[in-house]
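Hi,

Here is the structure I promised to pass on. Have a look at it first, and then read my notes underneath.

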Amino acid sequence: SMNCNLFVKNKIKKIYSMDGPRLLPNILKSLNYKSIKNKYIHIIPHNSYVGILLESENDYVIKSNIDGLLAHDFLCWNIVDTKFDEVKLSKLSTKLINNINGYLSNLSTKQLKNAIYNFDYIFGKLEIKSFSRFTSDKKRLIRLVEEVKRLDSESKKILIGLLDAIFNSIGGVAKEEFTEFKGNIKKHILG
């Protein structure tokens, strides 16, 4: 919509992104984005994982009835009267923003697209619905290792960095045990 001609752009009332990733930094700075930014509404659930990737100038955070990776299902988003129930972003999602986006900011645009594609593909294929349950599901962990091993060396390195940023955001596990868990995953992936 930001690349439409002026005639079409003027007809557009609102642009909704329903828990999609945020935008690349160069897009946020572009004149095309600036021409539609007042029409762009980025809606994410309070426990967002995908919708917090990359950068945003403004997120509309809403309450979801479900936690974890399934929180993005818009059928589970709370509505009060005729509007979404607006809330603050969860502590975990806030940690994820800092850790993941800190890592992603050091990647080139090509590497960034690669990381997000591989993350989405592998987590979708493994049907991972919760990070906390995932870390205790040995069968899925083994399948994760198998999937990541199939990637080329640069993709492996990038995805391991992304997983490391995610795992560093997840609490609830003893620090020594969690450090050992991450080390074992890296050892098995890198061979």
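Below is what I found around one glutamate and the helix that holds it.

First, a caveat: this is a predicted model. The residue I started from is glutamate 147, which sits in helix H7, residues 138-149. Is it buried or exposed? Glutamate 147 turns out to be buried, at a relative accessible area of 10%, and the cut-off for buried is under 20%.

Now for the helix itself. H7 is 12 residues long, and from first C-alpha to last it reaches 16 Å, close to the 16 Å expected at 1.5 Å a residue. Its buried residues are Leu141, Leu144, Val145, Glu147 and Val148. These cover an arc of only 165 degrees around the axis, so they lie on the same side of H7. That fits the usual pattern: an α-helix has 3.6 residues a turn, so residues three or four places apart point the same way. Over on the other side of H7, Lys139 and Ile142 are exposed.

So what does glutamate 147 touch? Leaving out residues up to four places away in sequence, its contacts are Tyr121, Ile122, Lys125 and Leu126.

That leads to helix H5, residues 109-125, whose axis comes within 10 Å of that of H7 and crosses it at roughly 140 degrees. The two helices are therefore oblique to each other, and H5 passes H7 in a right-handed crossing. Where they meet, H5 brings Tyr121, Ile122, Phe123 and Lys125, while H7 brings Arg143, Leu144, Glu147 and Val148.

Cheers

Notes: Residues numbered from 1 in each chain as written. Predicted model: local features only at pLDDT ≥ 70, side-chain atom pairs only at ≥ 80, totals over all residues. Heavy atoms only, no water. Helix = DSSP H or I, 4+ residues; strand = E, 2+ residues; numbered from the N terminus. Buried < 20%, exposed > 50% of the residue type's maximum accessible area, 1.4 Å probe, protein only. Contact = heavy atoms within 4.5 Å. Expected span 1.5 Å × (residues − 1). Arc of directions from axis to C-beta. Axes fitted to C-alpha atoms, helices over the stretch in contact; angles between N-to-C directions. Parallel < 35°, antiparallel > 145°, perpendicular 65-115°, else oblique. Left-handed = near helix turned anticlockwise from the far one by under 90°.
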